[in-house]
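Here are a few exercises on helix packing and ligand contacts. Open the structure and try each task before reading its solution.

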Amino acid sequence: MIYHSTRNKNIVVQSSEAIIKGISDDGGLFVPEVIPSIDDINILKDMDYKDLAYEIMGRFLTDFDSEVLKRCIDNAYDDKFLANDIASLVEVDGLFFLELYHGPTLAFKDMALSILPYLLKESMKIQGIKEDVVILTATSGDTGKAALEGFANVDRTKIIVFYPKDGVSEIQEKQMITQEGDNTFVVGIKGNFDDAQNGVKRIFNDDELIGQLKRKNYVLSSANSINIGRLIPQMVYYFHGYLELLRRGKIKTDEKINIVVPTGNFGNILAAYYSKLMGLPVKKLVCASNENKILTDFINTGVYDKRRDLILTSSPSMDILVSSNLERLLYHLSGEDDSFIENKMRELSQNGYYEISNFETNDFYGGYSNEDEVNESINKLFVNYNYLMDTHTAVAYNVYDKYKIKTQDNSKSIISSSFICYRSRY
Ligand SMILES: *Cc1c(COP(=O)(O)O)cnc(C)c1O
């Protein structure tokens, strides 16, 4: 399996190189040349989470030795997850909550960031990297803590997390600034998440700085969701959720389901889209936004316009205006047209917007919810079913409610439940 840059198909790397680099030198994101397909979902039916992870990830990480990959998976998905099956599927109100928050930092970011450090260490071996790696990460809250936790005291790595000083919740900030480990660093910046993300991208494109670091024996890498080392592990839980429905007799083989995702940087929902491309029977991918509804607008109009103020909401991990991973979707939808992507991304950074004429997708539905709707949804589910959602999950729940009313689609649906609520069952 090889990977190209979304902005230049002539750039060709293996997965280990893509994982170390995080982002391509031309600013593009690495994408697999082909999406491997799983023709018969039944062959996965009896697999536990680790076996499934090996089956899915092995198809993307072909330069990893199979024993090595198995060891990475074993180390990542162990008892630091409080759910026996790593991601629990819980039925409430006819809807299936895929609880992705049973890892050490209580956010779904653990699903990928618990394995990324192992993948990175092995990638350094495969690529014969002699330098130490410095991980730079911008966070809207949860990535920061999960990445710090994952990389703490991993030798030959250092990690620096940049977060918007006034843009994360109190608990997220406390989680980050109390991090232990000799190699972990946290910086609160003036500005919002997009400023943090832009700053990190600028560092990656600063040849002079990279040269200086290299002379001091460091190379840069990223733990953001632009790294394929995060994207690939995230596909696993969508298969796991589907298979769980199958095993419980809730669906028949090949029956299509909807997947509802509270979306920020478009990483989690892109993993669901890739799962669909691999052959997971998915009808609609419901892309749920909070009041920063730039993705809702884009999906419905084809215009991506970031010339608006970022609103700070009660779901801070979704307070984002530039959803980086959307670039990968556009690459696939455009028939892998790298110069088209290069142009659109230049328009976005120069003009603050781009338009895709005749934009159409049957795969996605886009919707958003405001703060009142989030609060009402949390209240409704708690009062009626004694199930407590966090604010991010509630955004998704509410958008799905609207989707159902609008389309009358009664397919079984999985909601990607992304963060623990402080008063949950623990
Ligand atoms: C990161 C995060 C999201 C958004 O996921 P993306 O992959 O950035 O779209 C949603 N909810 C929570 C709790 C998160 O931490």
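**Exercise 1.** At roughly what angle do the axes of H11 and helix H13 (residues 326–333) cross, and within what distance do they come? Then classify the pair and list who touches whom.

*Solution.* Keep in mind that we're working with a predicted model.
- Step 1: the axes of H11 and H13 come within 9 Å and cross at roughly 30°.
- Step 2: angles under 35 degrees count as roughly parallel, so H11 is roughly parallel to H13.
- Step 3: on the H11 side you'll find Leu-270, Tyr-273 and Tyr-274, which meet Arg-328, Leu-329, His-332 and Leu-333 in H13.
- Step 4: sorted by class, that contact has 5 nonpolar, 1 polar and 1 charged residues.

**Exercise 2.** Now take H11 (residues 267–278) with helix H10 (residues 228–247): how do their axes cross? Work out the orientation, the handedness and the make-up of the contact.

*Solution.*
- Step 1: fit the axes, and they come within 8 Å with a crossing of roughly 65°.
- Step 2: the roughly perpendicular class covers 65 to 115 degrees, so H10 is roughly perpendicular to H11.
- Step 3: the crossing of H10 past H11 is right-handed.
- Step 4: H10 brings Leu-231, Gln-234, Met-235, Tyr-237, Tyr-238 and Phe-239 to the contact, while residues from H11 include Gly-267, Asn-268, Leu-270 and Tyr-274.
- Step 5: the tally for H10 with H11 is 10 nonpolar, 4 polar and no charged residues.

**Exercise 3.** Which orientation class fits helix H2 (residues 49–57) against helix H3 (residues 66–76)?

*Solution.*
- Step 1: H2 and H3 pack at about 135°, and their axes are 10 Å apart.
- Step 2: roughly antiparallel needs an angle over 145 and roughly perpendicular stops at 115, so H2 is oblique to H3.
- Step 3: H2 and H3 cross in a right-handed way.
- Step 4: Lys-50, Ala-53, Tyr-54 and Met-57 of H2 make the contact with Ser-66, Leu-69, Lys-70, Ile-73 and Asp-74 of H3.
- Step 5: by class, the H2 and H3 contact splits into 5 nonpolar, 1 polar and 3 charged residues.

**Exercise 4.** How many residues surround the ligand, and which are the closest? Follow up with some polar distances.

*Solution.*
- Step 1: the count is 15, with Lys-109, Asp-142, Gly-264, Asn-265 and Asn-268 the closest.
- Step 2: from a polar side-chain atom of Lys-109 to a ligand oxygen is 2.5 Å.
- Step 3: an N or O atom in the side chain of Asp-142 sits 2.6 Å from an oxygen atom of the ligand.
- Step 4: for Gly-267, a polar backbone atom is 3.2 Å from a ligand oxygen.
- Step 5: link back to Exercise 2, where Gly-267 and Asn-268 are among the H11 residues in contact with H10.

Definitions and conventions. Residues numbered from 1 in each chain as written. Predicted model: local features only at pLDDT ≥ 70, side-chain atom pairs only at ≥ 80, totals over all residues. Heavy atoms only, no water. Axes fitted to C-alpha atoms, helices over the stretch in contact; angles between N-to-C directions. Helix = DSSP H or I, 4+ residues; strand = E, 2+ residues; numbered from the N terminus. Left-handed = near helix turned anticlockwise from the far one by under 90°. Contact = heavy atoms within 4.5 Å. Nonpolar A, V, L, I, M, F, W, Y, C, P; charged D, E, K, R; others polar. Near = heavy atom within 4 Å. Polar contact = N/O pair within 3.5 Å; in protein donor to acceptor, adjacent residues only side chain to side chain.
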